[in-house]
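Please examine the sequence and the three-dimensional structure below before reading on. The paragraphs after them are intended as a guided reading.

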Amino acid sequence: MAIKLAHNCINCEQLQDGNFCKKHKVTVGEQYTCDSFNMKAAILDERNCLTCARYEETSCANPEKAAPAMLCASWAPQAQA
Ligand code: SF4
Ligand code: SF4
């Protein structure tokens with residue numbers, strides 16, 4: 001099972017400074033989401049083989065194709081510093 005980015009307010013493009021949702025005009029947090037969720041483009045852009053915990057590891061789903069501009073459904077987040 002692939003681990004994916006959370007579809008919650010923290011990753012939504014509607015979120016503004018102060019955890020304020022500009023669509024619903026309310027304060028939200030990471031525990032919330034709604035049907036209008038839309039992933040921030042910047043976060044989507046960060047997902048590729050170079051940011052995948054499986055890159056050049058035996059757990060990579062596509063070792064023959066893995067490359068910096070590549071992305072597959074088995075992408076997994078790297079450990080946070
Ligand atoms: S309430 Fe919906 S639209 Fe607003 S930030 Fe959260 S997911 Fe995005
Ligand atoms: S091919 Fe898939 S599993 Fe392999 S490094 Fe790229 S995103 Fe990760």
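The account below proceeds from the overall form of the chain to its domains, its secondary structure and the surroundings of its ligands.

The structure is a predicted model. Along its principal axes, the C-alpha trace of the protein chain extends over about 45 × 25 × 20 Å. The radius of gyration of the protein chain is 15 Å, whereas a compact globule of 81 residues would have a value near 12 Å. Burial may be considered alongside these dimensions: 7% of the 81 residues count as buried. A residue is classed as buried here if 20 or more other C-beta atoms lie within 10 Å of its own.

The division of the chain into domains comes next. Domain 1 comprises residues 9-39, and domain 2 comprises residues 46-74. A distance of 29 Å separates the C-alpha centres of domain 1 and domain 2. As for contacts within the protein chain, among those with a separation of 6 or more, 40% are between residues 24 or more positions apart.

Which secondary-structure elements does the protein chain contain? There are one helix and three strands, and from the N terminus on they follow the order β-β-β-α. The three strands form an open sheet in the order E1-E2-E3, and their pairing is antiparallel. At the edges of this sheet lie strand E1 (15-16) and strand E3 (26-27), each of which pairs on one side only. Strand E2 consists of residues 20-21 and is joined to E3 by two bridges, the two strands running antiparallel. Within this part of the sheet, Cys-21 stands opposite Val-26 of E3. In general, the strands of a sheet pair through backbone hydrogen bonds.

Cys-21 also leads to the surroundings of ligand 1, as this residue is listed among the closest to that ligand. Ligand 1 is surrounded by 13 residues, the closest being Cys-9, Cys-12, Gln-14, Cys-21 and Cys-34. Classified by type, the shell around ligand 1 contains eight nonpolar residues, four polar residues and one charged residue. Cysteine is counted as nonpolar in this classification.

Which residues are the closest to ligand 2? They are Cys-49, Cys-52, Cys-60, Asn-62 and Cys-72, within a shell of 13 residues. The shell around ligand 2 is made up of 10 nonpolar residues, two polar residues and one charged residue.

Notes:
Residues numbered from 1 in each chain as written. Chains lettered and ligands numbered in written order. Predicted model: local features only at pLDDT ≥ 70, side-chain atom pairs only at ≥ 80, totals over all residues. Near = placed C-beta within 6 Å. Domains from an automatic or database assignment. Pairing = 2+ DSSP bridges. Helix = DSSP H or I, 4+ residues; strand = E, 2+ residues; numbered from the N terminus. Rg over C-alpha atoms; globule rule 2.2 N^0.38 Å. Buried ≥ 20, exposed ≤ 12 C-beta atoms within 10 Å, placed from the backbone. Contact = placed C-beta atoms within 7 Å.
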